[in-house]
Amino acid sequence: MSSQELRRKRLDRSINVRSTGLYALSSYREMTYLLAPRLLLIAGLLVLPLFLDLYWQRVLCAAAVFAMLALSFDFLAEYVGLVCLGGALFIGFGGYAAGLLNAHLGLPPAVTIPIATVIGACLSTLVIMPCLRLRGIYFAIVTFMVPLFARNVIVALGLFGSTEGITGLDTLPNTWVEQYVILSVVLVTLFGIRRLVSEDVGLIMMGIKDNDQAVLAAGVSIFRYRVLAVFIAALIGCFAGAYLAHLYGWLGLSLFAMDFSILPIAATVMGGMGTLVGPVIGALILTPLSEALRGFGQLRVVLYCLILVLFILYKPEGLMNVLERKYHQFERLEKV
Amino acid sequence: MGAEVLLDVRGVSKAFGGVHAVEDVSFTLGRGEVMGVIGPNGAGKTTLVNILTGFIKPDSGRVLYKGKNITGMAPNKIANLGLARTFQVMRPYHSLPTYKNLIVPLNSPRIKKAAAGKLGDLDSVAIDILEEIGFERDARVPYKTAGSLPLGYQKRLELARCIALRPEVILCDEVFSGLSMSEISSMIPLLEKFVMQGIALIMIEHRLRELFRVANKVLVMNFGVKIAEGRPQEIMKQDEVKAAYIGGERSK
């Protein structure tokens, strides 16, 4: 039989029926089908540090920080309709808040990180609030500028150690704590946000993204929900910032670096917009990749960009969307 | 009419650059009244709705709702007072299942206050409302994504979102347009039911024959100006209205 007489037929498993209601609980097979990918992710992330040496464990921590930022970017962009390039702002505010609390008040990291997360998120929200009426690219540009502004204010006024920053902050007890703190927070945030977007609050935010005028006509203030969404995203980013300051035991201007705003977008595009898991996986691939390419010296950025471009060209819907589709699909050959 | 005045519009005007979209329009609307707003394309009908619901701030004039000045208030605040609207170009939340579209108005301060926390499961409230609006024919329809609904259902969804707000006035921006005769015939009793419940309607329409079956007064606009107001049976006899509609010269 020649290959021309056959064609590949793809069938979708109807996931809606499987994941809702009692049907999902009706057999172990169904439960495994739904739980396997989730458990794989959780177990994979928790086991990963055991197989890495000290250097790569550090890289993993940095990757997890970017995963948090990518998650916050994806949430705002795909579930609220705000393209926010404020990653650097969140990291900066969170990092400085934690560092200053530690350096001046002598509070331990276990206290500074939670407090800095909240303080940083409040400040970030206050700063972003005036431009919440802007849309699309205009909002993106303003959020991109704010970290640069904050950076220059710190230098111009000589605040918080100015260009030198503050060194000698307390670090976390050991590398295992360092890794498992951030990895477990990534997982909790991931599943928390997934839950949030399916609650009423999340639906209203989706409504604002789909159609803000209709939300207004329904008597719901879009401003209030946008503020709430930015605050949630800022909490995620500021936690990452506070953690980063204690990871390196140092705070300085590079906490406002543009990388924190740009890399999460790359991770989100690669991982799959709107999937929430995708950006996390994207960040966990891209950050180590950038480290692995260090051996190429100047060519590093070229290769890095090349990989991104190839990805956008050939898998524009992102890794997670492709994987998800494959997982819910089965193929068989069929006679034409 | 002796009914309580809900809406009192006094000389509202709005110009976009040199174009006078709405110029010095006044009218009143009583409880349970149905007012049709007709006029050629570009007459300023939708702009008028946008002014009443706060989406556009008028340059001059006042809008009173139950005696309260609502001119220039934010659209969500006006909606919370009980002034609901549909959109001419339908605006469902495409990616959400149809019944989830009603979760947004059901979360508005107005409904939360009215129900005082005793609304129960919002999903089932939403399904009930959809049923009331005429989604009962196919039990699966409320669960489909709103973007995939056929036109007739999308129009009904627009109305359902208004009803979810428990409004006192609904501004319908061309709910009949694009519908078949039979779809319109099934929608008219629905509108009549709202009126029976004491809701006042303002209906922008091009389908005059159908409009005149429900409306008890009609306001005619052309070039942003109110050119006539009166009972549906009499209004079409006026020369100026005829001219505007049949395409004759605008009387000077």
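This is a selection-by-selection tour of a predicted model with chains A and B.

Residues are numbered from 1 along each chain as its sequence is written, and chains are lettered from A, and ligands numbered from 1, in the order in which they are written. Because the model is predicted, local features need pLDDT of at least 70 and side-chain atom pairs count only at pLDDT 80 or more, while totals for chains, interfaces and linings use all residues.

**Stop 1: chain A as a whole**

Select chain A. It has 14 helices and 4 strands; helices (H or I, at least four residues) and strands (E, at least two) are DSSP runs, numbered from the N terminus. Along its principal axes the C-alpha trace of chain A spans about 75 × 55 × 40 Å. The radius of gyration of chain A is 22 Å, which agrees with the value near 20 Å for a compact globule with 336 residues. That radius is taken over C-alpha atoms, and the globule rule is 2.2 Å times the number of residues to the power 0.38.

Of the 336 residues of chain A, 43% count as buried. A residue is buried if 20 or more other C-beta atoms lie within 10 Å of its own, exposed if 12 or fewer, and partly exposed in between, with C-beta atoms placed from the backbone. Among contacts in chain A between residues at least 6 apart in sequence, 76% join residues at least 24 apart. Two residues are in contact if their C-beta atoms, placed from the backbone, lie within 7 Å.

**Stop 2: helices H3 and H10 of chain A**

Select residues 54-79 of chain A, which are helix H3, and residues 222-248 of chain A, which are helix H10. Two packed helices are described by the angle between their axes and the distance between the axes. H3(A) and H10(A) pack at an angle of about 170 degrees, with their axes 9 Å apart. Axes are lines fitted to C-alpha atoms, for helices over the stretch in contact, and angles run from 0 to 180 degrees between N-to-C directions. H3(A) and H10(A) are therefore roughly antiparallel to each other, a label for angles over 145 degrees.

On H3(A), the residues making the contact include Met68(A), Leu71(A) and Phe75(A); those on H10(A) include Ile236(A), Phe239(A) and Tyr243(A). By class, this contact of H3(A) with H10(A) has 15 nonpolar, 2 polar and no charged residues. Here Ala, Val, Leu, Ile, Met, Phe, Trp, Tyr, Cys and Pro count as nonpolar, Asp, Glu, Lys and Arg as charged, and the others, Gly among them, as polar.

**Stop 3: helix H7 of chain A**

Keep H10(A) and add residues 175-198 of chain A, helix H7. The axes of H7(A) and H10(A) come within 11 Å and cross at roughly 175 degrees, which makes H7(A) roughly antiparallel to H10(A). H7(A) contributes Glu178(A), Val181(A), Ile182(A), Val185(A) and Thr189(A) to the contact, and H10(A) contributes Ile236(A), Phe239(A), Tyr243(A) and Leu247(A). The contact of H7(A) with H10(A) has 7 nonpolar, 1 polar and 1 charged residues.

**Stop 4: two single residues of chain A**

Select Thr189(A), in helix H7 of chain A. Is Thr189(A) buried or exposed? Thr189(A) counts as buried, because 23 C-beta neighbours lie inside 10 Å. Leaving out residues up to four places away in sequence, Thr189(A) touches Met68(A), Leu71(A) and Ile236(A). Thr189(A) and Met68(A) are 121 residues apart along the chain, and their C-alpha atoms are separated by 8.0 Å.

Then select Val111(A), in helix H5 (residues 109-128) of chain A. Val111(A) has 14 C-beta neighbours inside 10 Å, so it counts as partly exposed. The C-alpha atoms of Val111(A) and Leu101(A) are separated by 9.1 Å.

**Stop 5: chain B**

Select chain B, with 10 helices and 10 strands. Its C-alpha atoms fill a box of roughly 60 × 40 × 40 Å, taken along the principal axes. Buried residues make up 44% of the 252 residues in chain B.

Within chain B, select strand E1 (residues 5-16) and strand E2 (residues 19-30), which pair in the antiparallel sense over 8 bridges; strands pair if DSSP finds at least two bridges between them. Which residue of E2(B) is the bridge partner of Phe16(B)? The partner is Val19(B). E1(B) and E2(B) form a hairpin with 2 residues between them, and Gly17(B) in the turn has a positive phi of about 60 degrees.

Add strand E4 (residues 60-65) of chain B, which pairs with E1(B) in the antiparallel sense over 5 bridges. The bridge partner of Asp8(B) in E4(B) is Leu64(B).

**Stop 6: where the chains meet**

Show both chains. Here 23 residues of chain B are in contact with 16 residues of chain A. H2(B) gives the most to the side of chain B that touches chain A, with 4 residues. By class, that side of chain B has 11 nonpolar, 7 polar and 5 charged residues.

Terms used
Parallel < 35°, antiparallel > 145°, perpendicular 65-115°, else oblique.
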